[in-house]
Amino acid sequence: MMAGRPQINLGLEGVYFDESRICKVDGQKGELYYMGYPIAELAARSTYEEVCYLLLYGKLPKRTELGAFTSQLRESRQIPEGLLSLIRSMAKKAHPMDTLRTAISALPAYDKEAYDNSTAANLRKSARLISQTASITAAIGRLRQNKVYVTPDNTLGHAENFLYMLNGSRPSPKEARIMDTMMMLHAEHSSNASTFTTIAAGSTLSDMYAAVTAGIAALKGPLHGGADEAALRMVRAIGDPGNAERYIDQAIAKKQRIMGFGHRIYKTYDPRAKIIRSYLLELHNTSSKEVRRLTGIALKVEELMVSKLGKQKGIWPNVDFFSGPVYVAAGIPADLFTPLFAASRVVGWCSHMMEYWRSNRLIRPLDYYTGRLNMRYVPISKR
Ligand code: SDX
């Protein structure tokens, strides 16, 4: 008797693969919590360094703990010379995400405890990855424009130093604060595609660097982290708020995805998008003509998308839609948006990886075979 076709959840939609205490995403209410703290409260009152500590250690740090952690981060910012030449060799030829992924995968060559999978070693590696991913992203941004590599300034905070290494000048306190908040907002988001990929890679008991390399590979795609770059390119292609309706109608008619909208979990406004949107409006009067122009188009696209697809299809702005104009205001080129997303999300990947390793189970799902059976081999002369 033909066995019945099993339940198949394409894209593992709706499938719970583990339990976790790190992040709650409520897609109906549009709520997001890191270790139980609402994202709006962290964004308003915390810092990226504190959020990294929270995600790695499960609690907000005491002053002395935060001091020790930020020292660890600062000591890990300098890119090893050998790695810098690898980055130099790729920076102008490959997409920044490919250069970043390659550089991160090379880090074990510079870390004597790369293959020590103890929790203590993995916590130290997580701190190194947080710093190195930011430094490497900044270095890629400079070297690909024939600018000199800027060595880290350890008197600066994490986000501040990133902007300093990228732009070669210290950001204003407001610029640093906005970048710090953007990094917090992108730090973690439960079992999204890149976090699941990280966990799947690590579930074979490879190592933290290999697992994070896999996560970066997954984040690149425009259905996931790559949407931030794609959304800005779309806004630039629309060119003027007056063109937005025609662009959107044509895209919907062709069943094309509007970048920066929709979400597998959020069926209402992404809470992160709300915060980023508020930053964009706050920046509006003091930003460049280009940023104001991009903001005007983005707000028009949002208005049209919400009215056309928001309520009836549950397609709302996500974290990637308003990020672009904010990053443009910080001097970040479009193809560096997703590496910056990776530099922010690396702490989420490390946190989930260490949580999963505590009761590790090799990830090995099934696929339902519908192909042929018992085929007879035919020599090539008879084919
Ligand atoms: C991130 O998972 C996470 O947490 C990810 C993330 C994180 O922090 O890690 O939040 C970060 O990746 C945000 C998402 C960034 N991606 C984009 O902005 C790309 C554009 N969005 C879509 O590709 C889409 O919304 C996804 C991929 C994000 C989610 O898609 P699903 O859940 O697979 O939904 P679907 O493709 O099955 O679409 C359902 C319907 C379809 O219409 P019908 O065939 O039913 O008529 O909604 C439509 C889709 O055509 N639809 C869209 C749309 N997204 C879905 N239509 C137009 N524009 C869109 N953006």
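# Reading a predicted model, feature by feature

Me: Is Lys29 exposed or buried?

Reply: Lys29 is exposed, because its relative accessible area is 60% and the exposed class covers values over 50%. Keep in mind that the model is predicted, and that every such value is computed from it.

Me: Which residue does Lys29 meet in a salt bridge?

Reply: A salt bridge is read from the distance between a side-chain nitrogen and a carboxyl oxygen, with a limit of 4 Å. Here the partner of Lys29 is Asp26, at 4.0 Å from N to O. Asp26 counts as buried, because its relative accessibility is 15% and the limit for that class is under 20%. The pair therefore joins a buried Asp26 to an exposed Lys29.

Me: How many salt bridges does the rule give?

Reply: The count is 20. Glu245 and Lys308 make one of them, their closest N and O atoms being 2.8 Å apart. This pair links distant parts of the chain: Glu245 belongs to helix H12, residues 244-253, while Lys308 belongs to helix H14, residues 289-313, and the two positions lie 63 residues apart in numbering. Glu245 is partly exposed, at 38% relative accessible area.

Me: What is the N to O value for the salt bridge between Arg277 and Glu302?

Reply: For Arg277 and Glu302 the value is 2.9 Å. Arg277 sits in helix H13, residues 271-283, and Glu302 in helix H14, so this salt bridge ties together parts that are 25 residues apart in sequence. The accessibility classes of the partners are read one by one: Arg277 is partly exposed at 26%, and Glu302 counts as buried at 7%. Pairs may also share partners, and in that way Asp111, Glu113, Arg124 and Arg128 are joined into one network.

Me: Now the ligand. Which of the residues around it come nearest?

Reply: The shell is read as a list of residues with a heavy atom within 4 Å of the ligand. There are 22 of them, and the nearest are His189, Arg257, His263, Arg264 and Arg272. By class, the shell holds 7 nonpolar, 8 polar and 7 charged residues.

Me: Where do N or O atoms of the protein approach the ligand, in the case of His189, Ile258 and Phe261?

Reply: Look at which part of the residue supplies the atom. For His189 it is a side-chain N or O atom, 2.6 Å from a ligand oxygen. For Ile258 it is a backbone N or O atom, 2.9 Å from a ligand nitrogen. Phe261 likewise uses a polar backbone atom, which lies 2.8 Å from a nitrogen of the ligand. As for cover, the ligand on its own has 1,000 Å² of accessible area, and the protein covers 77% of that.

Me: Arg272 was in the list of nearest residues. Where is Arg272 found?

Reply: Arg272 is in helix H13. At 2% relative accessibility, Arg272 counts as buried. The side chain of Arg272 also makes a polar contact of 2.7 Å with the side chain of Asp270.

Me: Which residues other than glycine have a positive phi?

Reply: Backbone torsions are read residue by residue, and two cases can be set side by side. Among them is Ser190, with phi at about 50 degrees. Ser190 lies in the loop between helix H8 (173-185) and helix H9 (193-202), and is buried at 19% relative accessible area. Leu205 has phi near 65 degrees. The place of Leu205 is the loop between H9 and helix H10 (208-219), and Leu205 is exposed at 55%.

Me: How far apart are Arg88 and Arg144, in sequence and in space?

Reply: Sequence separation and C-alpha distance are read as a pair of numbers. Arg88 and Arg144 are 56 residues apart in sequence, with 7.7 Å between their C-alpha atoms. Arg88 is in helix H4, residues 81-91, and is partly exposed at 41%.

Me: What residues form the nonpolar patch on the surface?

Reply: The patch consists of Ile8, Leu10 and Tyr368, which together have about 290 Å² of accessible area. Tyr368 is in the segment after helix H16 (337-357). At 30% relative accessibility, Tyr368 counts as partly exposed.

Technical notes:
Residues are numbered from 1 along each chain as its sequence is written. This is a predicted model: local features need pLDDT of at least 70, side-chain atom pairs count only at pLDDT 80 or more; totals for chains, interfaces and linings use all residues. Side-chain values use heavy atoms; hydrogens and water are left out. Patches are made of residues with over 30% relative accessible area and no salt bridge: like charges are joined within 9 Å, nonpolar side chains (Val, Leu, Ile, Met, Phe, Trp, Tyr) within 5 Å. Accessible areas come from the Shrake-Rupley method with a 1.4 Å probe; for residues, only the protein chains shown count as cover. Helices (H or I, at least four residues) and strands (E, at least two) are DSSP runs, numbered from the N terminus. Buried means under 20% relative accessible area, exposed over 50%, partly exposed in between (1.4 Å probe, protein chains only). A polar contact is a pair of N or O atoms within 3.5 Å; within protein, one must be able to donate a hydrogen and the other to accept it, and residues adjacent in sequence count only if both atoms are side-chain atoms. Ala, Val, Leu, Ile, Met, Phe, Trp, Tyr, Cys and Pro count as nonpolar, Asp, Glu, Lys and Arg as charged, and the others, Gly among them, as polar.
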